[in-house]
Amino acid sequence: MSDWQRENGVNGKGEDIPPSFLLEEQLQEESRAEQSSSEHDPGFGGHGTVAAVVQAEGEKHEIPVRLDDVLGKLETVGYKTSFDIVVREMTFGERRTALFCMNGLVKDDLLTEILKRLTYLQPDNVDGDALHSFLDLYVPAAQVSEERDWMKLMDAVLAGATAMFIDGEGKALKIDAKSFPGRGLEEPSLEKVVRGSRDGFVETLMINISLVRRRLRDPKLRYELVQVGERTKTDVCIAYIDDIVDKELLKSIKDKIAMIKVDGLPLADKQLEEATIKRGWSPFPLVRYSERPDTVSSHLLEGSIAIFVDTSPSVMTLPTTYTDLMQHAEENRQAPVIGTYLRWIRFLGIFASLFMLPLWLLFVMHPEFKPPALEFLGPEKTGKIPLVVQFILVEIGIDMLRMASIHTPTSLATAISLVAAILIGDIAVQTGLFINEVILYMAIAAIGMFATPSYELGLANRIVRLVLLIAVAAFNVPGFMIASTIIVVYLACERSLNRPYLWPFIPFDAKALLGLIVRNPLLHNRTRPNILKPQQRDKMPTTK
């Protein structure tokens, strides 16, 4: 086509040329010119290989100018194949348009109001730059933006946004009209308190970050959103307080998340933890999970970093320590004296679940080691099965009951309890398979495990208890001492984002240890933990 024909808008046959065809041809010519110039530019490595690749990717991601080409390209993402993909074609002001969205992820009433408003447009209301007219004047939505990249637009639509294509425009409008399915706010089942808020996190990311924002009205609170997974495009939000958090720690977490190369995270935060912290085969949790917004807000004020993952009702706070996983929100909801008492009882239950069974087995196997005050320990009959086998069988039985209770409907939970208490426990003792003391001490250990605030730490402690039992049965006193030492050394060498896992014991911090043993009143707790390396150590604002 000659320059004269292009300027006068006619082709070789004297027919009018559609504006969309002119625009598309102009874009193609500009693209060829840019590619030619890059190939001859010596700054791009001789033949311009890098520039050609970048340009090829840019062309591949462009939004077609013609609406018919757009509709054809939408078939590659499931249009006319997947029933939940909605494309609504309409003409406004003699300009063909198409709305593209996912049924079930958008607000139907908002999109209906937008279409109703656009039906009043007349041809003279829409100028040559139709997209800007729609963007600035005629689309009544709070969040509307212009998008030129096809792949970014598709990612947004698959995440719940709505795309509006206009014939003759090489761009599209991205309308935020998300409406995700979700359940109502409920109290978390694993972190209940007697007094306190009853709202907990749900599976919707925006609701979760809003629950924290409601409690932290700090202008320094930051929410950074990234996407992880080539196929799932899972939204991951990194939350922190800008003038408190350790910037090196923040950069380390961002780099770890950016390096993740996986198809997706359908299991949300748990897979993200394994991909970033790289625990390997360690049973101990290196992050703390919480479903309570007040707990996450408290950790953010301390200088921790919270990671929200879309579709997960729990939030990761990191870094964490072994002692952090032993604390509960209930301690801070009571008076300092009561909170300290509850903390001691919880610590006692956790240590009893770890060491009571191995020590009892050791005293039974070697009565000479028993102190005089513990002469009553030990059964008169050991039963038909060795004691260590009894402990292992009871451990397996408790795990089976726990899994059965998870998969059992609520209406049948009482029946499961009766089966466990009567048929398994009582009859097993009467038949001589188990002895009463094994059942008693295993029940105490199970209660201590259930009293552990962190569910993941409770499961890890169960593995430690089994290791100690087997070590005692195999090597007696040396087995107990060596196994205990190996576990303590292993925990001392463990790191949560380069933070010592056994702090404040190793390295020793007397002030932090005192704050761990005693729940201090609010006004006496004036400094943040130094393990987090916060920018501001003092919690109390200075008066002006």
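This passage describes the fold of a predicted model of one protein chain, from overall confidence to individual sheets and helices.

The protein chain has a mean pLDDT of 82, and 84% of its residues reach 70 or more. Among the elements, strand β9 (residues 305–309) has the highest mean pLDDT, 96, whereas helix α3 (residues 49–60) has the lowest, 38. Over residues 1–59 the pLDDT is below 50, and this stretch has 43 contacts in the model beyond near neighbours in sequence.

The protein chain contains 18 helices and ten strands. Of its 544 residues, 43% count as buried. The exposed surface of the protein chain is about 29600 Å², with 60% of it supplied by carbon and sulfur atoms. Among contacts between residues at least 6 apart in sequence, 64% join residues at least 24 apart.

One open sheet is built from five strands in the order β1-β2-β4-β5-β3, and the pairing is antiparallel. Its edge strands are β1 (85–92) and β3 (144–147), each of which pairs on one side only. From one strand to the next, the twist averages 25°. Strand β1 is joined to strand β2 (residues 95–102) by eight bridges, and the two run antiparallel. Within this pairing, valine 86 has cysteine 101 of β2 as its bridge partner.

Two helices are placed against this sheet. Helix α7 (residues 150–158) packs on the sheet and touches β2, β3, β4 and β5 (172–175). The direction of helix α7 makes about 135° with that of β4. Helix α4 (residues 67–74) lies across β1, β2 and β4 (162–166), and runs at about 15° to β2.

Another open sheet, also of five strands, has the order β6-β7-β9-β10-β8 with antiparallel pairing. Here the edge strands are β6 and β8 (288–290), and each pairs on one side only. The twist in this sheet averages 25° from one strand to the next. Strands β6 (residues 221–228) and β7 (residues 234–241) run antiparallel and are joined by eight bridges. These two strands form a hairpin with five residues between them. In the turn, glycine 229 has a positive phi of about 105°. Valine 228 stands opposite threonine 234 in β7, and tyrosine 223 has alanine 239 of β7 as its bridge partner.

In an unreviewed entry, UniProt places the feature "transmembrane region" at residues 344–365, 413–433, 439–459 and 466–489. In the model, residues 344–365 are 100% helix and 0% strand, and the end C-alpha atoms of this span lie 30 Å apart. Residues 466–489 are likewise 100% helix and 0% strand. For residues 466–489, the end C-alpha atoms are 18 Å apart.

Serine 353 is found in helix α13 (residues 336–365). The relative accessible area of serine 353 is 1%, so this residue counts as buried, the cut-off being under 20%. Leaving aside neighbours within four places in sequence, serine 353 is in contact with Ala445, Gly448, Met449 and Arg465.

Notes. Residues are numbered from 1 along each chain as its sequence is written. This is a predicted model: local features need pLDDT of at least 70, side-chain atom pairs count only at pLDDT 80 or more; totals for chains, interfaces and linings use all residues. Side-chain values use heavy atoms; hydrogens and water are left out. pLDDT is the predictor's confidence in each residue, from 0 to 100. Helices (H or I, at least four residues) and strands (E, at least two) are DSSP runs, numbered from the N terminus. Contact means heavy atoms within 4.5 Å. Buried means under 20% relative accessible area, exposed over 50%, partly exposed in between (1.4 Å probe, protein chains only). Accessible areas come from the Shrake-Rupley method with a 1.4 Å probe; for residues, only the protein chains shown count as cover. Two strands pair if DSSP finds at least two bridges between them. Axes are lines fitted to C-alpha atoms, for helices over the stretch in contact, and angles run from 0 to 180 degrees between N-to-C directions. UniProt positions are given in the numbering used here, feature names are shortened, and annotations may be inferred rather than shown by experiment.
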